[in-house]
Amino acid sequence: MARTLKDLGEREAIRRLTAHLPAAAELVTGPGDDAAVARGDESSDWVFTTDPLIEDRHFASDTPPASIGHKAAGRALSDLAAMGADPKYIFVNTVAPADVPIETLEAVCRGITDLARTHGAVLAGGDLAEGDALALHVFAVGTLPRGSAVLRSGARPGDRIAVTGPLGGSFASGRHLNFTPRVDEGRFLRESGLAHAMIDLSDGLGTDLRHIAAASGTGATLFSERVPLHAGVDLNAALFEGEDYELLFCCPAEALEEIRVGWPGESAPVEIGVITEERTLSLVDASGARAPLEDRAWEHFRPEGPRP
Ligand SMILES: Nc1ncnc2c1ncn2[C@@H]1O[C@H](COP(=O)(O)OP(=O)(O)O)[C@@H](O)[C@H]1O
Ligand SMILES: Cc1ncc(C[n+]2csc(CCOP(=O)(O)OP(=O)(O)O)c2C)c(N)n1
Ligand SMILES: [Mg+2]
């Protein structure tokens, strides 16, 4: 019997789709990171990413159009931030049913361009096509000095794990629609040269830390009482709900103070754990008790997964 996406889940399906792709000389980082990195001129690299935003999957149908645009652009900018890139260009393919008012799409577009401008990017093009539900497919292009992208794969045993802000409750609070992508923070971490690895938290800390550990060939320990939580949410929300769009990065313990001193954001990053040589993921609570970190964050095609 044919195996469907529902049988495999999003992560296994992506693994299969990307398993045997041919390499290209100028492509420094292909599938597997928050964005791809390609050689530009002798002093710079290009960074590319794409993300869909689909009605009833990523936003409810009654969402204000400007918020839809903000979120669509914010997700792609967050991926560029996770590489430490300077955003440059955004493209958007808009898919919409025929009865959508033009004013709605104009407001979506304003949501995109307002956020893009804040982060130094411009809307450079796209396409418009008819479809059954509103969907925005955003492509974002950034740049950074040659060889300086912060990858998922650079974490080393002993590195401290830190996040740029509180987690959990993104969907219930509406933060998934109006978050600020951590572009300035990502750029600062890249410029500092102090971060060994970085990822943006879209699927949930539990899964996204797993991506860092897998790419780096390490494990990780999280200290549960250190994970910063948004008001009114518990640790499980922070670990498994997703859509926080904060950055998680790994750096040597002694780098944390220097990072805090130069930090461009409002609140300093919070140290929540440590990278381990042993390739397992675990949670240590206030009493020192250790438990395995469950593997059950957000995944497309998995209706039994945690849904808000
Ligand atoms: N259908 C696909 N074909 C090729 N590469 C893919 C596909 N889907 C995802 N990828 C790649 O797999 C990696 C993980 O994807 P995803 O989980 O969507 O990343 P993110 O959470 O950062 O948006 C990325 O590097 C992405 O480019
Ligand atoms: C209507 C609706 N249902 C559910 C959610 C919750 N949700 C949708 S996608 C997602 C995770 C992140 O999205 P994904 O497409 O996996 O982004 P990526 O990891 O590829 O950046 C979550 C928690 C939502 N935001 N809106
Ligand atoms: Mg995802």
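**View 1. The residues around ligand 1 in this predicted model**. Twelve names are worth finding here: Glu 10, Ile 14, Leu 17, Thr 18, Pro 31, Gly 32, Asp 33, Asp 34, Asp 51, Asp 79, Arg 152 and Ser 202 surround ligand 1, each having a heavy atom within 4 Å of it. By type, this shell splits into 6 charged, 3 polar and 3 nonpolar residues, with Asp, Glu, Lys and Arg counted as charged, Ala, Val, Leu, Ile, Met, Phe, Trp, Tyr, Cys and Pro as nonpolar, and the others, Gly among them, as polar. The most residues, 4, come from helix α2 (residues 10-18), helices being DSSP runs of H or I with at least four residues.

**View 2. Polar contacts of ligand 1**. Such a contact is a pair of N or O atoms within 3.5 Å. Look for the backbone of Asp 33, where an N or O atom sits 2.7 Å from a ligand 1 oxygen. Side-chain N or O atoms also take part: that of Asp 79 is 3.2 Å from an oxygen of ligand 1, and that of Asp 34 is 3.4 Å from one.

**View 3. Asp 203 and its surroundings**. The unreviewed UniProt entry annotates Asp 203 as "binding site", though such annotations may be inferred rather than shown by experiment. Asp 203 counts as buried because its relative accessibility is 16%, under the 20% limit (1.4 Å probe, protein chains only). Its contacts (heavy atoms within 4.5 Å) include His 211, Phe 240 and Trp 298, leaving out residues up to four places away in sequence.

**Notes.** Residues are numbered from 1 along each chain as its sequence is written. Local features need pLDDT of at least 70, and side-chain atom pairs count only at pLDDT 80 or more, with hydrogens and water left out of side-chain values.

Definitions and conventions. Chains are lettered from A and ligands numbered from 1 in the order in which they are written. A polar contact is a pair of N or O atoms within 3.5 Å; within protein, one must be able to donate a hydrogen and the other to accept it, and residues adjacent in sequence count only if both atoms are side-chain atoms. Helices (H or I, at least four residues) and strands (E, at least two) are DSSP runs, numbered from the N terminus. Buried means under 20% relative accessible area, exposed over 50%, partly exposed in between (1.4 Å probe, protein chains only).
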